[in-house]
Amino acid sequence: MKNLKLALLGSAAFLLIGCSTSRDYTPPADASGEKIFSSVCTECHKPLSPDVAMILSEKVATKEAITKKFQSGSMRMPAFKNIQGDAADRLADYVLSNSQVK
Ligand code: HEC
């Protein structure tokens, strides 16, 4: 019984670690924010309508916070470390101007 509990705990920890990953995607130099979003973000963030990419909570509704989010990731979201510089700027602009703030 004790062993079973330990085994379950072990696999739960494994799952948590497994979720927080990073992606190697590097955007093409001339990719627009919309292009990057539809290439890698819509896998999880399905646009709500053609004009609304996602719903942002108030504390993430700045370019800095959005950029930090996709470069650092979180427990449940992978980090995109290779979206940098101008591409990161264009992506953050796109997300900010095409999202609803809740
Ligand atoms: C593998 C799935 C996955 C992918 C791919 C992904 N995300 Fe996320 N994202 C999540 C999850 C799950 C959350 C909610 C949990 C959290 O905030 O950490 C989230 C949250 C966010 C938030 C915060 C929203 C809020 O209001 O708190 C932003 C901004 C965001 N993602 C942007 C992006 C961008 C930009 C991309 C593409 C570069 C992207 N995500 C790709 C899963 C993903």
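**Figure 1. Crossing of helices α2 and α4 in the predicted model.** In this predicted model, the axes of α2 and α4 approach each other within 7 Å and cross at roughly 85 degrees. Angles of 65 to 115 degrees count as roughly perpendicular, and α2 is therefore described as roughly perpendicular to α4. On the α2 side the contact is formed by G33, E34, I36 and F37, while α4 contributes A87, R90, L91, D93, Y94 and V95. Sorted by class, the residues of this contact of α2 with α4 comprise 6 nonpolar, 1 polar and 3 charged.

**Figure 2. Helix α4 and the elements that cover its buried residues.** Helix α4 has 13 residues and spans 18 Å from its first C-alpha to its last, which is close to the 18 Å expected at 1.5 Å a residue. Its buried residues are A87, A88, R90, L91, A92, Y94 and V95, and the cover over these buried residues of α4 includes the helices α2 and α3 together with the strands β2 (54-56) and β4 (99-101). A87, R90, L91, Y94 and V95, listed here as buried, also appear among the residues through which α4 meets α2.

**Figure 3. The shell around the ligand.** The ligand is surrounded by 18 residues, of which C41, C44, S57, S74 and M77 come nearest. The elements that supply two or more residues to this shell are α2 (33-41), α3 (63-72) and α4 (85-97), and the largest share, 3 residues, comes from α3. In terms of residue class, the shell around the ligand consists of 12 nonpolar, 3 polar and 3 charged residues.

**Figure 4. Loop residues S57 and M77, both among those nearest the ligand.** Both S57 and M77 belong to the group of residues that come nearest to the ligand. S57 is placed in the loop between β2 and α3, and it is exposed because 9 other C-beta atoms lie within 10 Å, where 12 or fewer is the criterion for exposure. Although S57 and S99 are 42 residues apart along the chain, their C-alpha atoms are separated by 9.9 Å. M77 is found in the loop between α3 and β3 (79-80), and with 16 other C-beta atoms within 10 Å it is partly exposed. The C-alpha atoms of M77 and C44 are separated by 8.9 Å, with their positions 33 residues apart along the chain; C44, too, is one of the residues nearest the ligand.

**Figure 5. Surroundings of A65 in helix α3.** A65 is located in helix α3 and counts as partly exposed because it has 15 C-beta neighbours inside 10 Å. When residues up to four places away in sequence are left aside, A65 touches K59 and V60. A65 and A92 are 27 residues apart in sequence, yet their C-alpha atoms are 8.9 Å apart in space; A92 is one of the buried residues of α4.

**Figure 6. D30 in the loop that precedes α2.** D30 lies in the loop between β1 (22-23) and α2, where it is exposed, having 9 other C-beta atoms within 10 Å. D30 and D86 are separated by 56 residues in sequence and by 9.3 Å in space, taken from C-alpha to C-alpha.

**Figure 7. Overall arrangement, for orientation among the close-up views.** The protein contains 4 helices and 4 strands, and from the N terminus on its elements run in the order α-β-α-β-α-β-α-β. Of the 102 residues in the protein, buried residues make up 18%. Among the contacts between residues at least 6 apart in sequence, 71% join residues that are at least 24 apart.

Terms used. Residues numbered from 1 in each chain as written. Predicted model: local features only at pLDDT ≥ 70, side-chain atom pairs only at ≥ 80, totals over all residues. Near = placed C-beta within 6 Å. Nonpolar A, V, L, I, M, F, W, Y, C, P; charged D, E, K, R; others polar. Axes fitted to C-alpha atoms, helices over the stretch in contact; angles between N-to-C directions. Parallel < 35°, antiparallel > 145°, perpendicular 65-115°, else oblique. Contact = placed C-beta atoms within 7 Å. Expected span 1.5 Å × (residues − 1). Buried ≥ 20, exposed ≤ 12 C-beta atoms within 10 Å, placed from the backbone.
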